[in-house]
Every structure is written in C-alpha cells, then in structure tokens.
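Q: I should like to take a close look at a single part of this model and then follow its connections outward. Please explain each term as it arises.

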Amino acid sequence: MKRLKIRAHHLFCMLLFSGKGYDEKFSQNMNGIVCELRNNPEQSLILLKEPDDICSCCPNLLQGECILGNEDVINKDETVLSGLKLEAGKEYTYKEILDVILNSEISEIFKNCCGDCRWHRIGLCSCGQLVENCRTYSKG
Ligand code: SF4
Ligand code: SF4
C-alpha cells in the first residue's frame with residue numbers, strides 16, 4: 001500500500017472536501033486521496049508541513065511554494081500539528097488520526113486553523129461538519 005504524504009492542515013480539508021476545488025485536476029486528485037483513506041482507514045500517511053500529494057496537483061503550487069501564502073499555509077500546518085499533538089515527518093494510520101481529532105479540543109484548533117480561510121468564510125467548511133464526518137469515517 002502506498003504511503004501518502006499529507007500536510008497537516010489538509011487533514012481538515014480532506015474531512016470537509018465536497019468536490020469543489022481549484023480546477024478539475026486538483027479535484028480529481030483530492031477526490032482519489034479522500035476516497036482511498038475513507039475506504040482504508042488502516043492506510044498509513046506521513047504528516048508534513050510542506051507541499052504534499054494534494055499540493056502536487058494544485059495550480060497554486062509554483063516552484064515548491066503555495067502562491068496563496070506559503071507562510072500562511074505552514075502556520076496552518078503547525079497549528080494543526082501542535083493542537084492535535086502530532087509530529088511532522090511521522091507516520092500514522094488514518095484511523096489513528098481520526099481518533100486523535102475526535103478526542104481533541106477541536107473547536108479551538110479549527111478556529112485557529114480555518115477561521116480566516118475563504119472556504120470557511122463562504123460557508124463551505126464548518127467545525128460541526130468536520131466532527132460529524134470524522135465520526136462517520138472512523139466507524140468505517
Ligand atoms: S476552512 Fe480552509 S483550511 Fe479549513 S478545512 Fe476548509 S479549506 Fe481547509
Ligand atoms: S498549493 Fe496551496 S492552495 Fe494548493 S493544495 Fe497546497 S496548500 Fe492548498
């Protein structure tokens with residue numbers, strides 16, 4: 001089984017993915033990764049705070065940096081890593097990560113990571129939906 005590379009704040013983005021993305025290539029790739037993890041909770045992934053298997057198909061990745069604000073996305077990664085007490089460069093199963101999210105102070109972490117994100121501001125991402133989806137996927 002391939003080990004996925006996932007930057008930390010994308011744990012939230014994957015849980016809230018509803019098919020909308022930056023372009024067709026991005027959405028297809030994201031959908032493939034999300035489906036793979038939902039269907040195989042024992043799938044391993046390595047957490048990162050740098051471009052990952054989702055960024056690799058994103059039109060906003062230029063010369064290894066996110067043009068939407070490289071520092072901003074790294075800050076989001078660090079917020080999620082420290083909030084969930086997870087480590088960059090370490091390998092986890094998706095099930096382990098879902099359990100960590102469900103046992104965390106998620107509303108505070110979500111606010112710090114997602115509060116200023118435009119997808120949250122236009123109403124596409126909410127903490128309540130994140131928790132609901134997390135519960136659903138952790139049951140398999
Ligand atoms: S609000 Fe932004 S960072 Fe947060 S899950 Fe949604 S798309 Fe990702
Ligand atoms: S390149 Fe930027 S906008 Fe694109 S998926 Fe990565 S962090 Fe998100």
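In which sense do S2 and S5 pair, and over how many bridges?

A: S2 and S5 pair in the antiparallel sense, over three bridges. The model is a predicted one, in which local features need pLDDT of at least 70 and side-chain atom pairs count only at pLDDT 80 or more, while totals for chains, interfaces and linings use all residues. Residues are numbered from 1 along each chain as its sequence is written, and chains are lettered from A and ligands numbered from 1 in the order in which they are written.

Two strands pair if DSSP finds at least two bridges between them. The elements themselves are DSSP runs numbered from the N terminus: helices (H or I) have at least four residues and strands (E) at least two. Within the pairing of S2 (44-48) with S5 (91-93), Ser44 stands opposite Thr93. S2 also pairs with strand S1 (residues 4-7): these two run parallel and are joined by four bridges. Here Leu4 stands opposite Leu45 of S2.

S2 has two faces. Leu45 and Leu47 form the covered face, whereas Ser44, Ile46 and Leu48 form the uncovered one. In a regular strand the side chains alternate between the two faces of the sheet.

S2 also takes part in the largest nonpolar core. A nonpolar core is a set of buried Ala, Val, Leu, Ile, Met, Phe, Trp, Tyr and Cys residues joined through C-beta atoms within 7 Å. A residue is buried if 20 or more other C-beta atoms lie within 10 Å of its own, exposed if 12 or fewer, and partly exposed in between, with C-beta atoms placed from the backbone. The largest such core has 31 residues, of which Leu11, Phe12, Met14, Val80 and Phe110 touch the most other members. S2 supplies at least two residues of this core, as do H1, helix H2 (24-39), H3, H4, H5 and H7. Apart from neighbours within four places in sequence, Leu11 is in contact (C-beta atoms, placed from the backbone, within 7 Å) with Ile6, Val80 and Ile97.

Phe110, named above, leads to helix H5 (residues 106-114), where Ile106, Ile109, Phe110, Cys113 and Cys114 are buried. These residues cover an arc of only 100 degrees around the axis, which puts them on the same side of H5; the arc is that of the directions from the helix axis to the C-beta atoms. Ser107 and Glu108, on the other side of H5, are exposed. What covers the buried residues of H5 includes helix H1 (10-15), helix H3 (70-84), helix H4 (94-102), helix H6 (118-121) and helix H7 (127-138).

Cys113 and Cys114 are also among the residues around ligand 1, together with others including His9, Phe12, Lys76 and His120. A residue is near a molecule if its C-beta atom, placed from the backbone, lies within 6 Å of it. H1, H5 and H6 each supply at least two residues of this shell. By class, the shell around ligand 1 has eight nonpolar, two polar and one charged residues. Ala, Val, Leu, Ile, Met, Phe, Trp, Tyr, Cys and Pro count as nonpolar, Asp, Glu, Lys and Arg as charged, and the others, Gly among them, as polar.

The loop between H3 and S5 returns us to the strand paired with S2, and Lys85 lies in this loop. Lys85 has a positive phi of about 55 degrees although it is not a glycine. Lys85 is exposed, because 8 other C-beta atoms lie within 10 Å.

Terms used. Contact = placed C-beta atoms within 7 Å.
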